[in-house]
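User: Hey, I've got a structure open and could use some help reading it. Mind if I fire off a few quick questions?

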Amino acid sequence: MSSESVPSLDDALAGEAVLGVYRQMFAALARDSGAVVDDPVLVDVAETLLAAFADAGEDGLSREQMRYVCRRYPAEVFENRLRVLRGLGAVREVFPKPNQLRYRASFTSVVGLMFVRRMMLDGGQSEMHRLLALERLNVADPRMTAAQARAGAEGLARAFRLWSVELVTLTNGTIEELRAQAPKLWGAEDILAGAERLHGAILSRWPELDRACTELRAALYAYGDASRRAAARLSDSAGLTRNLTLLPPETWRTFARTASRDELAAVLDGFVFDAPAPWHEPAAVVAAVADAPRAVPARPAPPRAALPDGGLADRADAGSAEADRLRDVAERVLRGRDRAPVEALLDGDWAAARRLLADLSAAHLRPELPYRLVWSDGLAARPDAAPAWLSSGVFERVDA
Amino acid sequence: MSWSPQILARARARVLGADGTGAADPAPPGLAAVADGPRAWLLPSWPDGATPALLEQYEVAPMPLDRAGQARRVLAAALRCCWTALDDAPWPGEPAPVAAVLAVYAGMTRGDAALAGRWATGELRRLADTGWLLLDEAAGTVRPGPRTALWREESLGPLRDLLRRMPGPGAAAP
């Protein structure tokens with residue numbers, strides 16, 4: 001602030017009026033008198049209140065009525081919102097005096113909220129369309145002055161500059177971010193064409209504004225370049241995705257009609273058709289069941305022998321099956337005799353004879369079976385026979 | 001011009017699907033016919049009798065399968081209900097109610113039984129899609145699929161032991 005322009009009371013009043021408009025406009029977004037909301041619900045509260053004020057008419061609402069309208073929200077949220085809205089002038093007393101019971105809402109806040117909601121919906125792009133259309137109407141208006149046209153052109157140039165900066169940042173950033181912001185790229189051609197028309201209209205009506213128009217033109221070209229580069233990057237990566245919302249439907253249709261056969265086939269790269277069915281090996285099934293999350297913590301099993309286990313004997317003679325079999329074998333070998341020479345029994349195929357010898361030894365070793373093997377000293381060497389040597393012995397019945 | 005019966009059989013299998021073959025028709029080369037009453041299922045037979053489990057020995061990744069453990073547990077639960085004669089082969093098995101399979105599966109897992117049932121229903125459908133189970137949703141029954149006939153007899157021992165140990169549908173989960 002320089003010393004020669006000491007602000008007068010009039011200046012302060014004008015500044016206060018401007019600030020008042022700003023405050024009312026963004027009251028719905030204010031968390032407290034100094035910051036923006038951090039929860040979208042707070043904006044909903046403001047919108048509910050403003051809608052109720054619109055229905056209430058010129059009488060306004062009392063505090064209790066406001067609380068009733070906002071009964072869905074917690075009391076402290078409502079109190080906080082009401083305090084902030086009053087502090088910023090979005091809601092004010094019908095008559096400015098103490099203990100006023102009835103309130104009315106400010107028109108500016110509603111308009112500001114409408115604008116904010118629209119910006120949330122389509123990110124400022126359709127706002128750009130509206131601005132361009134409005135500016136074109138203004139330029140055609142005979143009451144428009146050169147200074148206003150210059151201000152409009154400079155504002156648009158600034159907006160396009162910022163827009164292209166944002167696009168360039170997106171283009172150089174990650175592809176996911178670019179995809180998320182992709183709606184900002186759509187319809188860029190329309191906006192460019194509208195801006196070019198506006199630029200032509202300004203330049204033909206006020207040729208002295210060529211400097212501002214040059215700025216606008218440069219900003220427009222920068223925006224066009226940035227938009228084309230971002231779109232190119234997007235469509236490059238769109239070939240690798242199946243997210244069909246990335247591009248407008250007509251673009252996909254154009255691709256489907258104009259692409260070559262190879263390009264169409266490349267879309268399905270990486271897909272396996274007629275895939276083999278998964279294979280579940282029995283061992284894998286067993287492992288999967290063993291790895292299952294358990295209802296109760298796993299208790300370690302007691303150590304078991306690796307041999308197959310017959311389990312607990314639930315019959316009294318469960319263990320006697322083997323003894324019965326050995327008795328059977330022995331009786332078949334003895335054939336009613338009391339004793340039989342081992343040489344004679346083992347004569348023949350060794351593969352069968354060794355099993356017989358094992359059975360006879362087992363019968364000999366079982367104390368409950370009345371048989372025994374008695375070996376003597378003789379040893380017969382028989383180079384041509386199947387057991388090449390045999391010690392002589394006798395398998396005999398023991399009379400208990 | 002004459003065509004060999006095997007080529008005709010392959011063409012018929014391509015047109016009619018895997019289950020359109022009569023049991024008496026010749027099997028096309030490379031496919032094994034798994035008899036199921038009057039019909040036969042045509043399934044790819046593995047060269048040299050090896051199964052895809054061999055891939056593991058060569059450290060080659062098999063076909064990726066989402067939630068393989070869960071699918072195999074559901075398969076085990078279904079086999080517990082359908083493969084009643086454990087000394088025989090699992091194929092063709094007997095139809096069992098889906099509810100019994102879900103009960104067995106719910107007994108195997110922890111957590112919400114209704115949620116486990118929903119997961120298991122999805123896995124039953126996926127297993128039915130790939131021929132491991134035959135699911136009759138209208139009748140609410142399930143039975144082993146023809147693919148279980150491709151299991152080699154030697155590999156079935158541990159599975160039989162597991163199914164003998166597994167609690168049946170009647171046993172309530174603790």
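User: Which residue of β5(A) does Glu93(A) stand opposite?

Analyst: Glu93(A) sits across from Tyr103(A) in β5(A). Keep in mind that this is a predicted model.

User: OK, and how many bridges join β4 to β5(A)?

Analyst: There are 3 bridges between β4 (residues 91-93) of chain A and β5(A), and the two strands run antiparallel. Another facing pair there is Arg92(A) with Arg104(A), its bridge partner in β5(A).

User: What else pairs with β5(A)?

Analyst: Strand β3 (residues 61-62) of chain A does, over 2 bridges and in the antiparallel sense. Over there, Ser62(A) is the residue opposite Arg102(A).

User: So what's the strand order in that sheet?

Analyst: The order is β3-β5-β4 in chain A, an open sheet of 3 strands with antiparallel pairing. β3 and β4 are the edge strands, since each pairs on one side only.

User: Which side chains of β5 of chain A are buried?

Analyst: Tyr103(A) and Ala105(A), which point to one face. Arg102(A) and Arg104(A) point to the other face and are not buried. That fits a general habit: side chains in a regular strand alternate between the two faces of the sheet.

User: Switching topic. Why does Ala226(A) count as buried?

Analyst: Because Ala226(A) has 22 C-beta neighbours inside 10 Å, and the cut-off for buried is 20 or more. You'll find Ala226(A) in helix α10 (residues 210-238) of chain A.

User: Which residues is Ala226(A) in contact with, leaving aside neighbours within four places in sequence?

Analyst: Ser164(A), Leu167(A), Val168(A) and Thr171(A). In the same vein, Val165(A) is 61 residues away from Ala226(A) in sequence, yet their C-alpha atoms are 7.9 Å apart in space.

User: Now chain B. How many helices and strands does it have?

Analyst: Chain B has 6 helices and 6 strands. Along the sequence they come as α-β-β-β-α-α-β-α-α-β-β-α. Chain B has 174 residues, and 34% of them count as buried.

User: Which residues touch the most other members of the largest nonpolar core?

Analyst: That core has 34 residues, and the ones touching the most other members are Val74(B), Leu75(B), Ala78(B), Val101(B), Tyr105(B), Leu124(B) and Val142(B). Elements from both chains feed into this core: α13 (282-290) of chain A, plus α3 (68-82), α4 (98-108), α5 (113-129), β5 (133-136) and α6 (157-165) of chain B, each supply at least two residues. Apart from it there's another core of 26 residues, including Leu170(A) and Leu216(A).

User: Leu75(B) caught my eye. What does Leu75(B) touch, not counting residues up to four places away?

Analyst: His280(A) and Val285(A) in chain A, along with Leu127(B) and Trp132(B) in chain B.

User: How do α13(A) and α3(B) pack, then?

Analyst: They pack at an angle of about 100°, with their axes 8 Å apart. Angles of 65 to 115 degrees count as roughly perpendicular, so that's what α13(A) and α3(B) are to each other.

User: And which residues meet there?

Analyst: From α13(A) it's Ala284(A), Val285(A), Ala288(A) and Val289(A), and from α3(B) it's Gly69(B), Arg72(B), Arg73(B), Leu75(B) and Ala76(B). They split into 6 nonpolar, 1 polar and 2 charged.

User: Last one: how many residues does each chain put into the contact?

Analyst: Chain A gives 19 residues and chain B gives 26 residues. The chain A side that touches chain B divides into 15 nonpolar, 1 polar and 3 charged.

Methods. Residues numbered from 1 in each chain as written. Chains lettered and ligands numbered in written order. Predicted model: local features only at pLDDT ≥ 70, side-chain atom pairs only at ≥ 80, totals over all residues. Helix = DSSP H or I, 4+ residues; strand = E, 2+ residues; numbered from the N terminus. Buried ≥ 20, exposed ≤ 12 C-beta atoms within 10 Å, placed from the backbone. Core = buried A, V, L, I, M, F, W, Y, C linked by C-beta atoms within 7 Å. Contact = placed C-beta atoms within 7 Å. Axes fitted to C-alpha atoms, helices over the stretch in contact; angles between N-to-C directions. Parallel < 35°, antiparallel > 145°, perpendicular 65-115°, else oblique. Nonpolar A, V, L, I, M, F, W, Y, C, P; charged D, E, K, R; others polar. Pairing = 2+ DSSP bridges.
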